[in-house]
Amino acid sequence: MDEVTISRAITESFLRDFMEAMDADVAIAGGGPSGLVTAYYLAKRGVKTVLFERSLRVGGGMPGGGMMFNRIVFQQEGKEILDDFGVRTKTYQKGYYVADALETISTLCSAAIKAGARIFNLMSVEDVMVHEDGKISGVVLNWSAVSLAKLHVDPLTARSKVVVDATGHDSEICHMVVKKIGKNLRTSSGGVVGEGPMWAEKGEREIVDNTVEVYPGLIVAGMAANAVLGSPRMGAIFGGMLLSGRKAAGLAQGMLTGG
Ligand code: 48H
């Protein structure tokens, strides 16, 4: 057994995939539930999809369940997506289903990768690319460790026809666009409107409508959609994240085919 062969296998295999990922149809920022579901549905339909996740692990807020109780709740429509993925649920009461947060997130991640999405963890999207047509045309990347250590290291880039902001409450990509390009988002104020206080019913109802192309070439999905468009948070009910991810995949596919 040769240590250097192991090291070369890792390096070569990673770099081959990373080089491939630098020219994608869709680049997703954030590997929480909404980003993973978006990646899964796109990859399953043959769309070249790459997802960048800042943390060591994917999952965003899902593994933490509700206040660290690692169970999550779904309504009927959300449960139907879990059924698609083969995630087991238990009926708590009519219309309320409980799932294991770890089973759910690991299944979403595995399904996205097996469908063909490329996922890179430990990488942060720190900016977007915009050329003369004014559309978002890709993402600017750096190792998360670089920003954590506050090192001055220039980034690399990945081109894509569509970018999805699935960065959760912080809606980082939309904030960047406003900072760099101005208040030109398709929202009531042109900026990031901001998330409202907890109201599960309204938050879950509005999240799918809020999943839109918020700027040319940029879709907002998941919790970021409610934060950007100004809808409430909803607590540890996760159906809306899955439904939003599925809608984001459909929108992205429509943008790619000119539909
Ligand atoms: C790369 C980044 C960057 C960046 C952040 O927070 P998430 O789980 O987001 P969603 O929308 O898929 O799910 C939201 C859900 O988890 C939640 O928070 C709910 C339901 N809250 C309700 C409530 O009331 O509180 O995942 C976002 C992911 C995270 O893993 C981040 O690390 C990652 O995005 N991320 N990745 N580049 N610039 N910013």
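Guide: A salt bridge is a side-chain nitrogen of Lys or Arg within 4 Å of a carboxyl oxygen of Asp or Glu. The structure shown is a predicted model, and a search of the whole of it finds 15 salt bridges.

Visitor: Why is the contact of Glu 206 and Lys 202 called a salt bridge?

Guide: The N-to-O distance between the side chains of Glu 206 and Lys 202 is 3.1 Å. The limit is 4 Å, so this pair qualifies as a salt bridge. Both residues belong to helix α7 (residues 200-210), where they are four residues apart, about one turn of the helix.

Visitor: Why is Lys 202 described as partly exposed?

Guide: Lys 202 has a relative accessible area of 22%. Buried would require under 20% and exposed over 50%, so a value of 22% is classed as partly exposed.

Visitor: What makes Asp 83 and Lys 79 a salt bridge?

Guide: Their side chains come to 2.9 Å, N to O, which satisfies the requirement of being within 4 Å. Asp 83 and Lys 79 are four residues apart in helix α3 (residues 76-85), a separation of about one helical turn.

Visitor: Are these two partners buried or partly exposed?

Guide: Lys 79 is at 16% relative accessibility and therefore counts as buried, the threshold being under 20%. Asp 83, with a relative accessible area of 41%, is partly exposed.

Visitor: What makes Lys 79 a charge over the ring of Tyr 97?

Guide: Lys 79 lies over the face of Tyr 97, at 5.4 Å from the ring centre. The distance criterion is within 6 Å, and 5.4 Å meets this criterion.

Visitor: How do you know that the salt bridge of Lys 48 and Glu 20 joins parts separated in sequence?

Guide: The closest N and O atoms of Lys 48 and Glu 20 are 3.3 Å apart, which is within the 4 Å limit. Lys 48 lies in the loop between α2 (33-44) and β2 (49-53), whereas Glu 20 lies in helix α1 (residues 3-21), so the pair ties together parts 28 residues apart in sequence. Lys 48, at 31% relative accessibility, is partly exposed, and Glu 20 is partly exposed at 39%. These two residues also take part in a network of salt bridges with Asp 17 and Arg 118.

Visitor: How many aromatic pairs are there?

Guide: The count comes to eight aromatic pairs. One of them is formed by Phe 14 and Phe 120.

Visitor: Why is the pair of Phe 14 and Phe 120 called edge-to-face?

Guide: A pair of aromatic rings is described by the distance of the centres and the angle of the planes. For Phe 14 and Phe 120 the centres are 5.6 Å apart, and the planes make 90°. Pairing needs centres within 6.5 Å, and edge-to-face needs planes over 60 degrees apart, so both conditions are met. Phe 14 in helix α1 and Phe 120 in strand β6 are 106 residues apart, and the pair links distant parts of the chain. Phe 14 is partly exposed at 32% relative accessibility, whereas Phe 120 is buried at 4%.

Visitor: What makes Phe 18 and Phe 120 an aromatic pair, and of which kind?

Guide: Their centres are 5.4 Å apart, with 65° between the planes. These values satisfy the limits of within 6.5 Å and over 60 degrees, so the pair is edge-to-face. Phe 18 lies in helix α1 and Phe 120 in strand β6, so parts 102 residues apart in sequence are tied together. Phe 18 is buried, with a relative accessible area of 9%. Phe 14, Phe 18 and Phe 120 form one aromatic cluster together with Phe 52 and Trp 143.

Visitor: Why are β3 and β4 said to stand at the edges of their sheet?

Guide: Three strands form an open, antiparallel sheet in the order β3-β5-β4. β3 (71-74) and β4 (90-93) each have a single partner strand, so one side of each is left without a neighbour in the sheet. Neighbouring strands are turned by 35° against each other on average, direction ignored.

Visitor: What makes β4 and β5 paired strands?

Guide: At least two bridges are required; β4 and β5 (residues 96-100) are joined by three, in the antiparallel sense. Gln 93 stands opposite Tyr 96 in β5. Helix α3 packs on the sheet, touching β3 and β5, and its direction makes about 115° with that of β3.

Visitor: Why is Ser 171 called buried?

Guide: Its relative accessible area is 1%, and buried means under 20%. Ser 171 lies in the loop between β9 (156-165) and α6 (172-181) and has a positive phi of about 35° although it is not a glycine.

Conventions:
Residues numbered from 1 in each chain as written. Predicted model: local features only at pLDDT ≥ 70, side-chain atom pairs only at ≥ 80, totals over all residues. Heavy atoms only, no water. Helix = DSSP H or I, 4+ residues; strand = E, 2+ residues; numbered from the N terminus. Buried < 20%, exposed > 50% of the residue type's maximum accessible area, 1.4 Å probe, protein only. Axes fitted to C-alpha atoms, helices over the stretch in contact; angles between N-to-C directions. Contact = heavy atoms within 4.5 Å. Phe/Tyr/Trp six-rings, centres within 6.5 Å; stacked < 30°, edge-to-face > 60°. Lys NZ or Arg CZ within 6 Å of the ring centre and 35° of its normal.
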